[in-house]
Amino acid sequence: MPSSERSPLLLGIDLGTSRTMVLSNRGARATVRSVVGYPKDIIGVKLMHQTYMIGEDALKRQSYLNIHYPLEDGVLKDANDQASEAAKLLIKHAISLANPQPGDQIYGVLGVPARASMFNKNQLLKITQELLDLSMVVSEPFMAAYAIDQLNNAIMIDIGAGTVDICAMMGTIPGMNEQVTVMKAGNYIDLLLENLIRETHPNVQMTNNLARKIKEQYAFVGPTKEEIMVNLRVAGKPVSINLTREIQTACEAIVSEIVEHLQTLISVFDPEDQEEALQNIFLTGGGSRIRGIEDMIASNMKDFGTVVVRQVPDPDFCGGMGALKLAMELPPQYWEQVGHVSKSDK
Ligand SMILES: Nc1ncnc2c1ncn2[C@@H]1O[C@H](COP(=O)(O)OP(=O)(O)OP(=O)(O)O)[C@@H](O)[C@H]1O
Ligand SMILES: [Mg+2]
């Protein structure tokens with residue numbers, strides 16, 4: 001079909017500190033680590049046959065690349081040229097994963113953290129203006145809530161790498177009073193776990209990346225029936241080590257602040273709506289996979305009556321799915337009423 005007759009390629013993009021997700025109306029669904037690597041010197045350029053590398057490929061080549069994370073705690077790092085260049089390469093790569101065809105019009109909805117400043121949103125739109133025909137940035141918790149049709153009397157808790165974002169959904173785009181950000185999230189657990197393992201097993205070889213992998217495989221909070229034995233290395237030799245307590249302590253370390261903020265946030269709802277909101281608490285983001293975390297949050301809220309905490313289906317892609325759903329359901333002429341919009345200067 002000639003490109004002029006094809007309907008636009010619609011994208012939902014969730015830009016995260018650790019991972020970026022992209023989904024399209026033609027069925028694409030892809031994820032990339034939010035990392036850009038540049039060669040340290042000319043040898044690196046020769047080894048790679050290119051001047052930069054994105055995602056897991058860059059992480060694997062850390063020895064000869066300078067690694068940049070364009071997003072820090074979920075927002076674009078300061079506005080210097082290199083940071084925005086890295087962000088642009090990352091977004092460009094994410095778009096390419098949706099396999100656009102020559103001549104396609106591309107419209108994208110991008111999720112940004114609810115607390116991203118106006119400046120930050122404009123920075124992002126300046127980048128997308130060069131890459132997309134039409135783009136809109138919207139708040140991430142709103143997107144996740146939109147994905148699961150929970151726009152009123154509900155609470156979204158997005159447990160990411162850099163931050164946990166807690167957001168009260170009250171039938172409108174959430175304002176500043178309706179959301180809280182907690183800085184202790186997945187990265188914090190990794191660091192704590194790494195340090196705990198170093199303390200209790202000083203001979204074990206431990207890195208932050210290894211601690212994260214162990215967490216992603218075994219994370220849990222609350223009671224456990226079985227001990228967690230992990231194969232690690234001491235002076236190069238494999239040993240099996242019991243890490244049950246370390247994993248539990250590190251994962252539980254983020255729960256109390258989440259509960260504290262949840263307890264405060266509930267009062268923004270009308271008293272008559274609080275009961276319903278407390279039964280509509282949804283966890284999303286990679287950290288929502290910590291086993292037992294729903295029950296632990298709910299049991300810490302028992303003074304508030306019946307509290308129901310659930311994980312959204314497909315927590316990795318929930319934000320991106322909401323963004324795509326919005327792009328598909330909302331005619332472009334209304335985008336400006338929902339988010340901040342930029343049109344191509346191509
Ligand atoms: N099975 C798992 N158990 C516990 N944590 C996990 C699991 N899988 C992924 N994670 C953690 O979830 C985090 C990534 O989640 P997510 O992709 O939602 O974050 P992000 O969107 O990149 O970050 P942010 O929202 O802070 O910008 C990482 O810290 C990762 O280690
Ligand atoms: Mg996120």
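These questions and answers cover the ligand 1 site and one aspartate in a predicted model.

User: Where does ligand 1 sit, and how many residues surround it?
Analyst: Ligand 1 occupies the largest pocket. Thr 17, Ser 18, Arg 19, Lys 215 and Glu 216 are the closest residues of its shell. The number of residues surrounding ligand 1 is 19.

User: Which helix gives the most residues to the shell around ligand 1?
Analyst: The helix in question spans residues 208–218. It supplies three residues to the shell. It is helix H7.

User: How many residues of the shell around ligand 1 are polar?
Analyst: The shell divides into three classes. Three residues are nonpolar and five are charged. The polar count is 11.

User: What share of ligand 1 does the protein bury?
Analyst: Start with the oxygen atoms of ligand 1. One lies 2.7 Å from a polar side-chain atom of Thr 17, and a backbone N or O atom of Ser 18 is 2.7 Å from an oxygen of the ligand. A polar backbone atom of Ala 161 is 3.0 Å from a ligand oxygen. Taken alone, ligand 1 exposes 650 Å², and the share buried by the protein is 92%.

User: Is Asp 165 buried or exposed?
Analyst: Asp 165 belongs to strand S12, residues 164–170. Its relative accessible area is 6%. The cut-off for buried is under 20%. Asp 165 therefore counts as buried.

User: Which side chains make a polar contact with the side chain of Asp 165?
Analyst: A polar contact needs N or O atoms within 3.5 Å. The Asp 165 side chain has one such contact at 2.9 Å with the side chain of Thr 163. Another, at 2.9 Å, goes to the side chain of Thr 181. The partners include Thr 163 and Thr 181.

Notes:
Residues numbered from 1 in each chain as written. Chains lettered and ligands numbered in written order. Predicted model: local features only at pLDDT ≥ 70, side-chain atom pairs only at ≥ 80, totals over all residues. Heavy atoms only, no water. Near = heavy atom within 4 Å. Polar contact = N/O pair within 3.5 Å; in protein donor to acceptor, adjacent residues only side chain to side chain. Areas by Shrake-Rupley, 256 points an atom, 1.4 Å probe, with all protein chains shown as cover. 1 Å grid on protein atoms, 1.4 Å probe; cavity = no way out; pocket = protein on both sides within 12 Å on 5 of 7 lines; lining within 4 Å. Sits in = over half its atoms within 2 Å of the grid points. Helix = DSSP H or I, 4+ residues; strand = E, 2+ residues; numbered from the N terminus. Nonpolar A, V, L, I, M, F, W, Y, C, P; charged D, E, K, R; others polar. Buried < 20%, exposed > 50% of the residue type's maximum accessible area, 1.4 Å probe, protein only.
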